[in-house]
Amino acid sequence: MIEVDLEHRLGTFALDIHFRAGRGLTALFGRSGAGKTSVVNAVAGLIQPARGRIVVDGTALTDTERGVAIPPHRRRIGYVFQEGRLFSHLTVRQNLMFGRWFARHARHAARLDEVVALLALGGLLDRRPGRLSGGEKQRVALGRALLANPRLLLMDEPLAALDAERKDEILPYIERLRDEAGLPIVYVSHSVAEVVRLANTIVLIADGRVRALGPVAEVLGRAEAHPLAGAAEAGAVLVARVARHDREWGLTELEGGFGRLTVPFLDLPEGAALRVRIRARDVILATAPPPGISALNVLAGGVEALVPGEGPAVEVELRAGSERLLARVTRRSAAALALAPGRPVYAVIKTVAIDRRSLGRHDPADFGDELEIFDG
Amino acid sequence: MNGFFALGAGEIEAVRLSVRVALWAMLASLPFGIAAAFLLARGRFWGKGLVDGLVHLPLVMPPVVVGYLLLLLFGRNGPLGRLFADCCGVVFAFRWTGAALASAVVGFPLMVRAIRLSLDAVDRRLEEAAATLGAGRFFVFLLVTLPLTAPGIIAGMVLSFARSLGEFGATITFVSNIPGETRTLPLEIYTLTQTPGGDPAALRLTAIAVVLSLAALIASEFLARRVGRRLGGE
């Protein structure tokens, strides 16, 4: 359990952040310069906020009112930096053991062989950081942080400096960490795809403030979340599981609170839980079930709200069963269809528009939290 | 021909003395050099400019002046000279230890500058990373800052050593020119040039001085490359 309450000034930029996060992976999500890194730096003790309180597992690490400011090296907060920050004068093994040595009296600290196995570092131990690829460096940085016996792991855009292939190489390790190590993780990102895939909870930060907090699907299902996060494309996240495979046509059928959805074949066992992101521009709205169309997915639902978008577009928030969906249509279409809250509609989704890379595994137990929305 | 290359006893003594004085000057000033460089690179305190100036003073003052000041402070009747004699039995006046002190003082600014440059280039973000891994300030310095400063430390040591080998003015003013005690290589060469028939010996010693200086340079280059490769993470 982590509680963050802080106010800080950086030049003219004011940071005013309040949130609580539980187990699993909490994503601090927002555009560059929103203040996300300052938040994790304050948690790690690298910056001292002007006013605030930071509590991790019941221990106050920072409390300006009571004069508490535990120095970084006594906080037991693991930190994986965007640029890795490996010690270039030490071997990989020495890098890994750096924090382990300071945590040598800890009872339940991870062991070198466990971490080496978890992150597949076996072949790298005697190399120096200069001879590692970007992905390998981040794996070593991850292992180094784990071995210091942290009670919380901070990750500041750990994939931002990597190309798509290297990202795919690291993501499964972060998922394993989230699911197997039982270590709470605070993950800073401006990438919708990463957040959808990894996060249990999203803290949406814009201009130094928390604008929304809650389960991934709820936060991303709202139209205003996307411009605030600087995301290029709005889109909703659906929680689904694999219902059956249609090998003849190379398709997989998913089901969830929204109904049924057909996607290109997924190599997952039946019953597997996952998340699907559907971009707003890939959703077409109709007021009656459309006959004779090539799109395979038609979900019945109702309009919840209309949010003006850029130019002639309007973003329509829909409720399909128990899930949220976003559609982007022109204002003229919205007027022609008389779209208004409460109006029943059919959302047509082109199968091929479902982004394979945004498919994330999902643990259904994560979604017990209520959505909270903060007004700017 | 053999006769030309054969070194006299006085000449051998001067070479050995010079190397000993330079090594002592270099090693004894190293901890102070690192401390001063760290203070100047990282410290924020009132009067830092004054400290900076004091450290650099021997670089711009005539060596003879440095030697005379040392004589006043560390001479038999100087306040610091008495202090060291009483507390630790170390006497500088007219001893080889005084020659080492004079060399150390004159070489100090060169050493501090080299270390400080290297220290300024250390990535502070690595020190932050070390702190998040549980290292307190002392261990951050010992395990991260100091190893990353190694190229500057080596360069500083070599500069100090080389400057010591060449020290003349401060030495002769402070501890005079006593054969076997304070007559280092430059002083021996100077003495020989003042002596009728001393030229061949002066020439031999000059050659030795060139070789010694070159050897120090090559050794430092070799070390710096090795360390550079290590720090480059290869």
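## Pockets, a cavity and an interface

Let's start with a helix of chain B: α8(B) supplies five residues to the lining of the second largest pocket, and no element gives more. Keep in mind as you look at the picture that this is a predicted model.

**The second largest pocket**

This pocket holds a volume of about 650 Å³. There are 19 residues in its lining, and those closest to the centre are B:Arg42, B:Arg124, B:Glu127, B:Arg137 and B:Val140. Try finding these five in chain B. Besides α8, the elements of chain B that give two or more residues to this lining are α2 and α7. What classes of residue make up the lining of the second largest pocket? The lining divides into nine nonpolar, four polar and six charged residues.

**The largest pocket**

Now move to the largest pocket, where about 880 Å³ of space lies. Its lining has 28 residues; B:Leu70, B:Phe74, B:Leu101, B:Ala104 and B:Val105 are the closest to its centre. Five helices of chain B each give two or more residues here: α2 (9-42), α3 (48-60), α4 (63-74), α5 (79-88) and α6 (96-120). Which of them gives the most to the lining of the largest pocket? That is α6(B), with eight residues. By class, 26 residues of this lining are nonpolar and two are polar, while none is charged. So that you can place α2 in both stories, notice that this helix of chain B appears in the lining of the largest pocket and in that of the second largest pocket.

**A closed space in chain A**

Pockets are open, but there is also enclosed space to look for. Rolling a probe the size of a water molecule over the atoms shows where empty space is left. In this model, the count comes to one cavity of 30 Å³ or more, and the volume of the largest cavity is about 40 Å³. Its lining is formed by A:Leu299, A:Ala300, A:Gly301, A:Gly302, A:Leu318, A:Ala320, A:Leu325, A:Val345, A:Tyr346 and A:Ala347. Strands β17 (297-308), β18 (313-320) and β20 (344-349) of chain A each bring at least two residues to this lining, with β17(A) giving the largest share, four residues. Eight of the lining residues are nonpolar, two are polar and none is charged.

Here are the three spaces side by side:

| Space | Volume | Element giving the most to the lining |
|---|---|---|
| Largest pocket | about 880 Å³ | α6(B), eight residues |
| Second largest pocket | about 650 Å³ | α8(B), five residues |
| Largest cavity | about 40 Å³ | β17(A), four residues |

**Where the two chains touch**

Finally, look at the place where the chains meet. Here 23 residues of chain A are in contact with 21 residues of chain B. The area buried between them is about 2,100 Å², and carbon and sulfur atoms give 66% of that area. How many salt bridges cross the interface of chain B and chain A? The rule finds two. One salt bridge joins A:Glu83 to B:Arg125, whose closest N and O atoms are 3.1 Å apart. The interface also has five residue pairs in polar contact.

On the side of chain B that touches chain A, the elements giving two or more residues are α7 (124-132), α8 (137-166) and α11 (199-231). The largest share, seven residues, comes from α7(B). This side has 12 nonpolar, five polar and four charged residues. You have met two of these helices before: α7 and α8 of chain B also help to line the second largest pocket.

Key. Residues numbered from 1 in each chain as written. Chains lettered and ligands numbered in written order. Predicted model: local features only at pLDDT ≥ 70, side-chain atom pairs only at ≥ 80, totals over all residues. Heavy atoms only, no water. Contact = heavy atoms within 4.5 Å. Buried area = accessible area lost by both parts, 1.4 Å probe. Salt bridge = Lys/Arg side-chain N within 4 Å of Asp/Glu carboxyl O. Polar contact = N/O pair within 3.5 Å; in protein donor to acceptor, adjacent residues only side chain to side chain. Nonpolar A, V, L, I, M, F, W, Y, C, P; charged D, E, K, R; others polar. 1 Å grid on protein atoms, 1.4 Å probe; cavity = no way out; pocket = protein on both sides within 12 Å on 5 of 7 lines; lining within 4 Å. Points joined across faces, edges and corners; volume = space filled by probe spheres on them.
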